[in-house]
Amino acid sequence: MKVNKRSVSKISEVDFGDLGFGRYYTDHMIVKKYKDKAWQETEIIPYGDFPVSPANITLHYGQSIFEGMKAFRGVDGIVRLFRPEKNIHRLNYSAERIAIPLMPDEKKTLEELMELVKMDQEFTPGHMGSSLYIRPFIFAMDPALGVKIADTYRYMVIMTPVDAYYGKNLKTLSIYATKNYTRAALGGTGHVKASANYAQSLYAAKEAQEKGYQQILWLDYKEHKYIDEVGTMNMMFVIDDTLITPSLKQGTILPGITRESVLHLARDLGWKVEERRISLQEIIDASESCKLQDCFGTGTAATIAPVGRIGYDDGKDIIINKEEVGPYAQKIYDELLGIQYGKLKDKYGWTVEIPKQS
Ligand SMILES: *Cc1c(COP(=O)(O)O)cnc(C)c1O
């Protein structure tokens with residue numbers, strides 16, 4: 001790996017009191033090119049713009065994938081990644097489906113990414129809920145308007161210090177279950193982190209926002225009856241003391257690393273857990289019989305996002321826990337963030353410490 005450092009850090013420009021999400025970027029980024037049928041040497045270079053051909057194939061046809069991971073500054077000052085090998089592995093899983101050449105060595109890819117985090121770790125904020133958001137991505141680079149699998153690609157990693165996605169204090173979200181649009185169908189790309197999944201979701205999200213909701217709750221493509229996910233996070237419901245989440249079997253939802261971790265924690269807490277299809281009607285019925293105890297989304301960006309209101313059928317609402325944070329969401333939030341911020345013992349070996357810069 002080649003390293004070309006910035007001479008002066010930009011860190012003094014960062015307002016750590018008000019980071020937002022994606023407002024500031026760290027000093028360096030990773031760039032790795034694919035050409036002549038091979039991935040070339042990885043480079044760490046100063047963060048910055050780069051020239052792109054107007055005929056760039058990604059601009060036209062969206063042959064592009066990404067990952068999202070976080071580094072957390074613990075209460076002990078140490079910076080930790082959370083299950084990062086899972087993200088690198090999923091990057092290759094997504095690459096395969098979008099016909100992007102796989103990264104040859106996942107272990108080395110992670111080591112190089114960790115070197116970048118080590119170099120720019122001072123950008124990791126320290127307050128609870130904040131983190132250094134890490135965005136690896138791969139996109140086609142060919143200047144070529146014919147639709148085809150590209151011959152050249154770029155893998156990059158950029159990093160941004162962020163506040164919690166939905167604001168500094170844990171509060172509930174409102175989501176709208178649309179029956180007019182579909183996120184993913186059988187045989188499609190709903191199970192991988194393809195950029196195109198997001199492009200096609202924006203219009204529906206805009207409609208939901210106009211109705212007064214923050215996000216879309218996607219239902220299954222066939223009947224618009226069963227819960228899929230929210231599009232940035234997987235969904236969990238607690239009904240009659242059982243944590244229920246849509247199973248991955250349909251192949252239309254993203255296999256979230258937060259989802260998997262939460263299910264693990266829930267089982268260890270002795271909760272009953274079911275991975276299965278769950279219909280919107282089951283949630284409505286549970287709410288009406290006072291058995292709907294909690295609802296929250298899980299994802300790296302959002303961490304644990306409690307849901308207070310689910311809209312459906314133009315004007316109807318399911319209200320959960322009076323739109324206050326529910327006890328199950330709060331417990332999982334405390335457990336998960338406790339491990340991520342080094343407050344609780346990491347008995348699963350999920351965190352990876354970043355060595356201090358020498
Ligand atoms: C990234 C993502 C999630 C959350 O996955 P994590 O691994 O928990 O971050 C959920 N749904 C979609 C569509 C995603 O792209």
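**Nonpolar cores and the H2–H3 packing**

The axes of helices H2 and H3 come within 10 Å and cross at roughly 125°, the axes being lines fitted to C-alpha atoms over the stretch in contact and the angles running from 0 to 180 degrees between N-to-C directions. H2 and H3 are therefore oblique to each other, a class left for angles that are not under 35 degrees, over 145 or 65 to 115. H2 passes H3 in a right-handed crossing, meaning that the near helix is turned clockwise from the far one by less than a right angle.

This is a predicted model, in which local features need pLDDT of at least 70 and side-chain atom pairs count only at pLDDT 80 or more, while totals for chains, interfaces and linings use all residues. Residues are numbered from 1 along each chain, and side-chain values use heavy atoms, without hydrogens and water.

Where the helices meet, Pro84, Glu85, Ile88, His89 and Asn92 of H2 are in contact with Glu106, Thr109, Leu110 and Leu113 of H3 (heavy atoms within 4.5 Å). By class, 4 nonpolar, 3 polar and 2 charged residues make up this contact.

Both helices also contribute to the largest nonpolar core, which has 38 residues. Such a core joins buried residues (under 20% relative accessible area, 1.4 Å probe, protein chains only) through side-chain atoms within 4.5 Å. Among the elements giving two or more residues are H2 (84–97), H3 (106–119) and strand S8 (131–140); H3 gives the most, with 6. Leu113 is among the residues with the most contacts inside this core. Beyond four places in sequence, Leu113 touches residues including Ile30, Leu81, Ile134 and Tyr155. A second, separate core of 27 residues includes Ala177, Ile244, Ala286 and Cys295.

Terms used: Buried < 20%, exposed > 50% of the residue type's maximum accessible area, 1.4 Å probe, protein only. Helix = DSSP H or I, 4+ residues; strand = E, 2+ residues; numbered from the N terminus. Nonpolar A, V, L, I, M, F, W, Y, C, P; charged D, E, K, R; others polar.
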